[in-house]
Amino acid sequence: MVEKDVEMFLEACELKGLSMKTIGSYEQTLRLFMQHLYKNGIERTEDVTHMMVQNYISVN
């Protein structure tokens with residue numbers, strides 16, 4: 001599930017010692033992207049394609 005993978009990524013960022021400001025920025029961006037994915041019926045990280053990411057970036 002996308003949400004679980006986002007949480008794991010953010011935890012890894014903490015373990016790497018990234019600043020809370022950086023982690024907060026990553027979290028905000030990833031949550032917005034997750035909302036976009038869910039609106040489009042994507043719930044598994046494995047189903048996200050490079051093209052989906054590119055399209056999201058170009059629109060936002």
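Two helix axes count as roughly antiparallel when the angle between their N-to-C directions is over 145 degrees. The exercises below use a predicted model.

**Exercise 1. How are helices H1 and H2 oriented relative to each other, and which residues make the contact?**

Solution.
Step 1. Locate the helices: H1 covers residues 2–15, and H2 covers residues 20–39.
Step 2. Take the packing values: the angle is about 170°, and the axes are 11 Å apart.
Step 3. Compare the angle with the cut-off, which is over 145 degrees for roughly antiparallel. H1 and H2 are therefore roughly antiparallel to each other.
Step 4. List the contact. H1 contributes Val-2, Glu-3, Val-6, Glu-7, Phe-9, Leu-10, Cys-13 and Glu-14. From H2 come Ile-23, Tyr-26, Glu-27, Leu-30, Arg-31, Met-34, Leu-37 and Tyr-38.

**Exercise 2. How many salt bridges does the structure hold, and which residues are linked in a network?**

Solution.
Step 1. Recall the principle: side chains of opposite charge can pair when their charged atoms come close.
Step 2. Apply the cut-off: a side-chain nitrogen of Lys or Arg must be within 4 Å of a carboxyl oxygen of Asp or Glu. The structure holds three such salt bridges.
Step 3. Take Arg-31 and Glu-7, whose side chains meet at 2.2 Å, N to O. This pair links distant parts of the chain, with Arg-31 in helix H2 and Glu-7 in helix H1, 24 residues apart.
Step 4. Take Arg-31 and Glu-27, whose closest N and O atoms are 3.3 Å apart. Because these two are four residues apart in helix H2, about one helical turn separates them.
Step 5. Combine the two pairs: Glu-7, Glu-27 and Arg-31 are linked in a network of salt bridges.
Step 6. Add the salt bridge between Asp-47 and Arg-44, at 3.2 Å, N to O.

**Exercise 3. Is Arg-31 buried, partly exposed or exposed? Classify Glu-7, Glu-27 and Glu-11 as well.**

Solution.
Step 1. Set the limits: buried means under 20% relative accessible area, exposed over 50%, and partly exposed lies in between.
Step 2. Place Arg-31: its relative accessibility is 23%, so Arg-31 counts as partly exposed.
Step 3. Place the partners of Arg-31. Glu-7, at 29%, is partly exposed, and Glu-27, at 31%, is also partly exposed.
Step 4. Place Glu-11, a residue of helix H1. Its relative accessible area is 48%, so Glu-11 is partly exposed.

**Exercise 4. Which residues form a nonpolar patch on the surface?**

Solution.
Step 1. Name the members: Phe-9, Leu-18 and Tyr-26.
Step 2. Give their accessible area together, about 250 Å².
Step 3. Check Tyr-26, which lies in helix H2: Tyr-26 is partly exposed, with a relative accessible area of 35%.

Technical notes. Residues numbered from 1 in each chain as written. Predicted model: local features only at pLDDT ≥ 70, side-chain atom pairs only at ≥ 80, totals over all residues. Heavy atoms only, no water. Patch = residues over 30% accessible without salt bridge, like charges linked within 9 Å, V, L, I, M, F, W, Y side chains within 5 Å. Areas by Shrake-Rupley, 256 points an atom, 1.4 Å probe, with all protein chains shown as cover. Buried < 20%, exposed > 50% of the residue type's maximum accessible area, 1.4 Å probe, protein only. Axes fitted to C-alpha atoms, helices over the stretch in contact; angles between N-to-C directions. Parallel < 35°, antiparallel > 145°, perpendicular 65-115°, else oblique. Contact = heavy atoms within 4.5 Å.
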